[in-house]
Amino acid sequence: MKTALTVWGKWISPVFDSAQTLLIVEIEGKTIVNKQLVPIDSENPAALAKMLKKQNVSLLICGAISEYPARVLENEALELIPFISGDADKVLDALVHGHSIEPVFLMPGCRRGNLMRNKTRNGGNPPGRRCCRKHFQEKDS
Amino acid sequence: MVLMKIRGVDKENPVSTEGHSRSITMASRRVTSSKQQNRVPENVTETILESISDGVFTINQEWQITSFNRAAEEITGVSRDEAIGRHCWEVFRSNMCELECALRRTMEHGKSASSSTTYIINSEKKRIPISVSTALLKDANNQVLGGVETFRDLSLVEELRKELDGRFQVGDMVSRSSAMKKIFTILPQVSESDSTVLIEGETGTGKELLTRAIHDLSPRKGMPFVAINCGALPDNLLESELFGYKAGAFTHATKNKPGHFAAAEGGTILLDEIGDTSSAFQVRLLRVLEEKEYLPLGAVKPVKSNVRIIAATNRDLAEQVRNGEFRQDLYYRINVVQLNLPPLRERKEDIPLLVERFISRLNHFRGKTIQGIGEEALHFLMAHDYPGNIRELENIIERAFILCSEETIQSAHLPIDLLPDGFKADSQGTLESARESSEIQSILEALKRNNFNRLAAARELGIHKSTLFRKIKKLEINLPEIDGRKK
């Protein structure tokens, strides 16, 4: 499974719309087997979504994101966990160990209820909204 | 001289560097007794900060928020309790945070800064336009405690500006043309109706944007929106993509796969380039429209469908019906409401507006501050016919953005195809003179290095001495009296 995070130094990038760097990690079981930093052009979310699909990235974790890029990414059936903040390594650690990213790393002022409104292109709540523990249990089984 | 008490001020340690610091002293205590009499009481300062409509927050040197006024709560949608102690970028969430942070500039250079072109993103994913100004916070001993950022919500100003512009806007579409105004006027009723819509328009006129606007104005808003380019897929693949398939339907179909109709259930689907589909596919689509159900590949039981269909094409569908290229029954079924998007050459009054919009968007994304476009360059843009419509104009501006290092986009930044013949010749002339200047420079430098010995300079330049003499004469290079041959 590959996961991408928009990063700014050690932190999750505060705003996806102006993010410059993407950290793509490959997770096998509960181990990160590969990490790659990629410069991105966040003004072109369609190209970014295609690049992520090409690299088999299924989950994107980012900071605040506006409607348009969120829509483009979700239309490409990417799982999106937006409005996440904090130390990227800690977020990854929580993800790898199946701990819930929300609400611990959720940006202030963002409740899960707000984010539950986001639908994937396929309808319903995107899997990214699920507890990561559940996500990984499903992957493991 | 202000002392701002935020919460439980620790007068010995006004700014805690620990997380969740609760207080900050914003001013000097070096106040003489006479001045102390005139000092504004702490609670008054707090009241003033709470009463103003500009958002104000302060940070310590660890970039943690130490105070957050009421207006800041309202503009960002973050409560004071949640904001205090958090890093400012987690709360403020501006496009400037990562690269262009005004507070960082202020903290590094000690100077106040301001910016009028920025935005923050609230938890509803809305961009809120704001203006920002920043300043340093110092204590009585002139020691830097942190910074203060004041920001103003410009949403209302932006709305008023748009109204004054006389522009019409629906979703991401913007126009001043009367043809587009007609479409925008009926769009709410069309969206509300749930009828099938046919959108005709040349490539690049914004058919998908219009469909998205219809979806967003309709009761189906919040449900999925799916756009498919029917012309991009072969017939069999298109059918399996749209309707899905069952396990065993064909080789390697090992499990059920839902199609785009299932993905769009409850929402809207755009079938772009509908005029490019085969007659067999048109029959299947007709069934979906009439029966509100479809049959996935390999299935024996039809699936009920609740999806609004919007069809779009860059071809004349009525003409295709007359030529027998498109089924008449399907044409009448999808042509309940028809919207014709005019090409850009028929609404050139929109070009300045669109250019302004593209520049503004690129400024945001690229971190540039290009102010606009020069009069001559705009004149050339207005004279072009745009076979690629708005998409072509957008690409032209994006190209100009790459080349432009000045305040405004000029004719030289436009593709040469857009420039009239005379202008092209001028451009060539400019290149010629640049080449000549470069040659003069090279010859003079070679001569100087060789003490003005012509033969040695010609050798160094890799040309024959007679070529050098010819060039000196042609380029009218004035040589000094000195001659390398003379001692």
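Modeller: Helices, of at least four residues, and strands, of at least two, are DSSP runs numbered from the N terminus. The structure discussed here is a predicted model.

Colleague: How many helices and strands are there in chain B?

Modeller: Chain B has 487 residues, and buried residues make up 44% of them. Among its contacts between residues at least 6 apart in sequence, 63% join residues at least 24 apart. The count of elements in chain B is 20 helices and 16 strands.

Colleague: What share of the area that chain B exposes do carbon and sulfur atoms supply?

Modeller: The exposed area of chain B is about 25,400 Å². The share supplied by carbon and sulfur atoms is 50%.

Colleague: Which residues of chain B have a pLDDT that stays under 50?

Modeller: Chain B averages a pLDDT of 82, and 85% of its residues score at least 70. One stretch stays under 50, although the model has 80 contacts for it beyond four places in sequence. Where pLDDT is low, the predicted coordinates should not be read in detail. The stretch in chain B is residues 1–35.

Colleague: Which element of chain A has the lowest mean pLDDT?

Modeller: The average pLDDT of chain A is 79, with 79% of the residues scoring at least 70. Among the elements of this chain, strand β2 (residues 11–12) has the highest mean, 96. Over residues 113–141 of chain A the pLDDT is below 50, and this stretch has 70 contacts beyond near neighbours in sequence. The lowest mean, 39, belongs to helix α5 (residues 132–140) of chain A.

Colleague: What ipTM does the predictor give the complex?

Modeller: The predictor gives two scores for the complex. The pTM is 0.48, and the ipTM is 0.80.

Colleague: Which element gives the most residues to the largest nonpolar core?

Modeller: This core has 44 residues, of which A:L5, A:L22, A:I61 and A:I84 touch the most other members. Elements that each supply at least two residues include β1 (2–8), β3 (21–28) and α3 (88–96) of chain A, together with β3 (113–121) of chain B. With six residues, the element that gives the most is α3(A).

Colleague: Which residues does a second, separate core include?

Modeller: The second core is separate from the largest one and has 28 residues. Among its members are B:I269, B:L271, B:F281 and B:L330.

Colleague: Which residues of chain B does A:C110 touch?

Modeller: A:C110 is placed in the loop between α3 and α4 (112–116) of chain A. Its relative accessibility is 6%, under the 20% limit, so A:C110 counts as buried. Leaving out residues up to four places away in sequence, A:C110 touches A:F83 in chain A. Its partners in chain B are B:R93 and B:S123.

Colleague: Is A:F83 buried or exposed?

Modeller: A:F83 lies in the loop between β6 and α3 of chain A. Its phi is positive, about 60°, although A:F83 is not a glycine. Because its relative accessibility is 0%, A:F83 counts as buried.

Colleague: Where is B:Y386 placed in chain B?

Modeller: B:Y386 is a residue other than glycine with a positive phi, near 55°. At 0% relative accessibility, B:Y386 counts as buried. Its place is the loop between α16 (375–383) and α17 (389–403) of chain B.

Colleague: Why is the pair of B:Y245 and B:F250 edge-to-face?

Modeller: A search of the whole structure finds 12 aromatic pairs over all chains. In the pair of B:Y245 and B:F250, the ring centres are 4.7 Å apart. B:Y245 counts as buried at 17% relative accessibility, whereas B:F250 is partly exposed at 38%. Planes over 60 degrees apart count as edge-to-face, and the pair is therefore edge-to-face with its planes at 65°.

Colleague: Which residues do ring pairs link into a cluster in chain B?

Modeller: The cluster is joined through ring pairs. Its residues are B:F57, B:F68, B:F92 and B:F151.

Colleague: Which ring does the charged end of A:K10 sit over?

Modeller: In chain B, B:R104 lies over the face of B:W63, at 5.9 Å from the ring centre. In chain A, the charged end of A:K10 is 4.8 Å from the centre of the ring it sits over. That ring belongs to A:W11.

Technical notes:
Residues are numbered from 1 along each chain as its sequence is written. Chains are lettered from A and ligands numbered from 1 in the order in which they are written. This is a predicted model: local features need pLDDT of at least 70, side-chain atom pairs count only at pLDDT 80 or more; totals for chains, interfaces and linings use all residues. Side-chain values use heavy atoms; hydrogens and water are left out. Rings of Phe, Tyr and Trp (its six-membered ring) pair if their centres lie within 6.5 Å; planes under 30 degrees apart count as stacked, over 60 as edge-to-face and the rest as tilted. Buried means under 20% relative accessible area, exposed over 50%, partly exposed in between (1.4 Å probe, protein chains only). A charge sits over a ring if NZ of Lys or CZ of Arg is within 6 Å of the ring centre and within 35 degrees of the ring normal. pLDDT is the predictor's confidence in each residue, from 0 to 100. Contact means heavy atoms within 4.5 Å. A nonpolar core is a set of buried Ala, Val, Leu, Ile, Met, Phe, Trp, Tyr and Cys residues joined through side-chain atoms within 4.5 Å. Accessible areas come from the Shrake-Rupley method with a 1.4 Å probe; for residues, only the protein chains shown count as cover.
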